Every structure is written in C-alpha cells, then in structure tokens.
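Trainee: Could we go through this one together before I write my notes? I'd like to get the terms straight as we go.

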Amino acid sequence: MTPRSLTAVLLAGALALTACGPPTPSAAPDTLVIAGYGGSYEEAFKQSVIPGFEKSCSCKVTYIAGSSTDTVAKLKAQKAAPQIDVALIDDGVQNQAVEAGLLAELDPKTVTNLPKVIDLARLPGDVGVGFSLNATGLAYNTDYYAEHGLRPPERLADLADPKLKGKLVMPSITQTYGLGALLMAAKVGGGSEQDIGPGFTGVKKVAANAVTFDTTADVSNYFLQGQAVATVWGNSRVQTLAKKGFPIKFVYPEEGALPLIATVNVVNKAPHADLAQKFVNTLLEPSAQQAMAASNFNGPVVEGVTLDPALAEQVVGQERAADLRKLDWATINKSRSAWTDRWNKEIESS
C-alpha cells in the first residue's frame, strides 16, 4: 500500500467516526447521489471521503462525474423531480443555480461546521458553501525560462513578452481561467466587472502570443509536449503537474490572484435531503479538508485545519485568502454571454 493510499484509508476511518454518529443497522440503506467534478476530485472523494460517510450513515453513495455546467444542466432538467442530492460546482456556476432556484439553504442544526468556514467561502443566505479554495494566477516552465534568459512572470502583462510568441496557451473565456485573465486585465486597466472594456484591451496584447485557446481547463499536455511554456492557470493544477516532476511554478500575480472556490450544495427538494445536509457537514470536517488538500492541493476553508508544512506551502492557505477578492458573480453571469461574443470577435478571431 502506498503512503497516499494508507492516508486515504486512515482519513476514511476518521470520517466514519465524525460524519453522522453511530450507524443504524436496522435502517434500510438509502443511496445518496452526488454530482461533481471528475478526475482527481472524483478519485479523492471515492478514496478519502465517501467510504467513511457510507459506513457512518449506513447508506450508499453514487457519484456522477461531470463539469459544473453539466451538473447544473442536469439539475435544470430534473427540477420537477430531482434525482441528485448533492451538487459540487464552481462558485460562478453556483450563482446561476441559485438564481434558478435549484439549490436549498443549509440547515445550521445539521451543518454545524458552518461557523468555522472562512468568510471567502461563505455564500449568500448559506445556500451552499465553499468546501475548498484555489486560485487563478500564472504558470510557467521554469527550465525554459532559465535556459532562455527570461525573467519569471510577475503580472499578466508579462505574458505579452514577444519572446513568448507561439509559446503561450491561452485559456478561452468559456472556462474559468480565461474569465480570470479578463478580470485581472480589467483591474489593471482601471476597470471591473461593471466596466470590462480595459480587460479586453489587456487580454488582446497577451493573446497575441497564443499558440491555441484552450477550452478544457487542463493544459498539462501543452506543457508536457513543449507546445507551451506559460499560461493563466489554477494553483492546484500546477502543483499536480509539478508533483510529477515537471518544472513548472505557480505565480500569484502582482495585480492579485482570483479565488476559485469549489462549492457543495444540497439540491432543492433532494430525495435524501437529510443525508445531503450531513454530507455537506462531513466535507467541512478537518479530516476531509486535510484529505482534499493532500489529494488535490486544494486549500482548506475551515479555520484551525493543520497541514504538513510542505503541503501548506503548496496550497492556497487562509493567509492568502485574505488577499483574494470576492467576485461579483451576479454581474459576471448577466454579462458573460455578451463578453463571450466580444471575446470571439476581438480575441480569438484576430
């Protein structure tokens, strides 16, 4: 058994003791349906969170992997008769789900860990809650930069360096990191979510170096194959690639990194609403927070969670959270369709 597997087993056992209290053997097993992220997130949940929860609650869990937009599309299609109990979705898309009436308020009597959650991860009306913290910033190939005498990037505008022509993978606005680049550029230019014009001006200069516009949010292969040496990306994804031995580093840009918060939500009129509320509380337990940090390099959102010092340096810690600004998702979501049209005309077609 590998050390990571052993850690997962131990954490699963810890969760079994804390999630729901003693199991009730006579109760008929219910099946809690969770829709959430695939890849390393799904793996971490199945290894480190779900087994302990199933044991403690004498229930079964079915996990449906998909992107945040896919999950919300399912919730909309099932609104009259929900089949999903818990939804794990990005904070921006979560705002859309709230507006559509797809999510329920959390019950403070069951989700007793809510008061321990940092302000950045608390959501309006406690309709859902952030359960892990990430950041959108810059990433670059350290070996390439050193070999070519390039100064490491410190701000988004540094990716417009002519020496990076054809060596930049630019995230599309259709995914979170492209939107992040637009918002960072807007701030530098004196704009905001309400005044996005300066963002397009700044992004256009950077995009001139793009070898491609990525829509997947996972640009690992571009780095591994040498097609790209810099990008706008998320800290956890950078750390995951670095863990494999690739020479890559994440940079918190001078203009400020943007928060990327994964949220956990109880679906409105969920078939197993009580179990869903308990599962939310489980994700906010210190053992679950530690498991997700170890598996995915996602920063804890609960106060008082301790991490190994080396791991603490790799995640977005709560001291950094104070420097991340909450985004106006209501304005962003109202404008995003128009921004996408403008992006396609001014950025990707130029």
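Mentor: Let us begin with burial: a residue is called buried under 20% relative accessible area, exposed over 50% and partly exposed in between, using a 1.4 Å probe and protein chains only. Keep in mind that this is a predicted model, in which local features need pLDDT of at least 70 and side-chain atom pairs count only at pLDDT 80 or more, while totals for chains, interfaces and linings use all residues. Residues are numbered from 1 along each chain as its sequence is written, and side-chain values use heavy atoms, with hydrogens and water left out.

Trainee: OK, so is Phe 45 buried or exposed?

Mentor: Phe 45 counts as buried, because its relative accessibility is 0%.

Trainee: And how many aromatic pairs are there?

Mentor: The count is 11 aromatic pairs, where rings of Phe, Tyr and Trp (its six-membered ring) pair if their centres lie within 6.5 Å, and planes under 30 degrees apart are stacked, over 60 edge-to-face and the rest tilted. In one of them, Phe 45 and Tyr 63 have ring centres 6.0 Å apart and planes at 45°, so that pair is tilted. Since Phe 45 belongs to helix H2 and Tyr 63 to strand S2, the pair ties together parts that are 18 residues apart in sequence; helices here are DSSP runs (H or I, at least four residues), as are strands (E, at least two), numbered from the N terminus. Tyr 63 is buried as well, at 11% relative accessibility.

Trainee: What about Phe 45 and Phe 131, how are those rings arranged?

Mentor: Their centres are 6.0 Å apart and their planes stand at 90°, so the pair of Phe 45 and Phe 131 is edge-to-face. Phe 131 sits in strand S4 while Phe 45 is in helix H2, so this contact ties together parts 86 residues apart in sequence. Phe 131 is also buried, with a relative accessible area of 1%.

Trainee: Which residues make up the aromatic cluster?

Mentor: One aromatic cluster is formed by Tyr 37, Tyr 41, Phe 45, Phe 53, Tyr 63, Phe 131 and Phe 279. Elsewhere, the charged end of Arg 320 sits over the ring of Tyr 252, 3.6 Å from its centre, the rule being that NZ of Lys or CZ of Arg is within 6 Å of the ring centre and within 35 degrees of the ring normal.

Trainee: Switching to backbone, where does Ser 58 lie?

Mentor: Ser 58 is in the loop between helix H2 (39-57) and strand S2 (60-65), and its phi is near 50°, a positive value in a residue other than glycine. Ser 58 counts as partly exposed, at 25% relative accessibility. Asp 126, in the loop between helix H4 (91-99) and strand S4 (129-141), also has a positive phi, about 55°, although it is not a glycine, but Asp 126 counts as buried at 19% relative accessibility. Phe 297, just after H11, takes a positive phi of about 60°.

Trainee: Why is Cys 59 not bonded to Cys 57?

Mentor: The sulfur of Cys 59 is 4.8 Å from that of Cys 57, its closest cysteine sulfur, which is too far for a bond, given that a disulfide is a pair of cysteine sulfur atoms within 2.5 Å. The whole structure has zero disulfides.

Trainee: Last topic, empty space. What is the volume of the largest pocket?

Mentor: The largest pocket has a volume of about 1,100 Å³. On a 1 Å grid over the protein atoms alone, a pocket is an open set of points with protein on both sides within 12 Å along at least five of seven lines, a cavity is a set where a 1.4 Å probe fits but cannot get out, and lining residues have an atom within 4 Å of a point. Grid points are joined across faces, edges and corners, and a volume is the space filled by probe spheres set on the points. The largest pocket is lined by 44 residues, of which Tyr 37, Asp 90, Tyr 177, Ala 217 and Arg 237 lie nearest its centre, and helix H14 (residues 329-348) gives the largest share of the lining, five residues.

Trainee: And how many cavities are there?

Mentor: There is one cavity of 30 Å³ or more, with about 50 Å³ of space in it. Helix H6 gives the most to its lining, with four residues.
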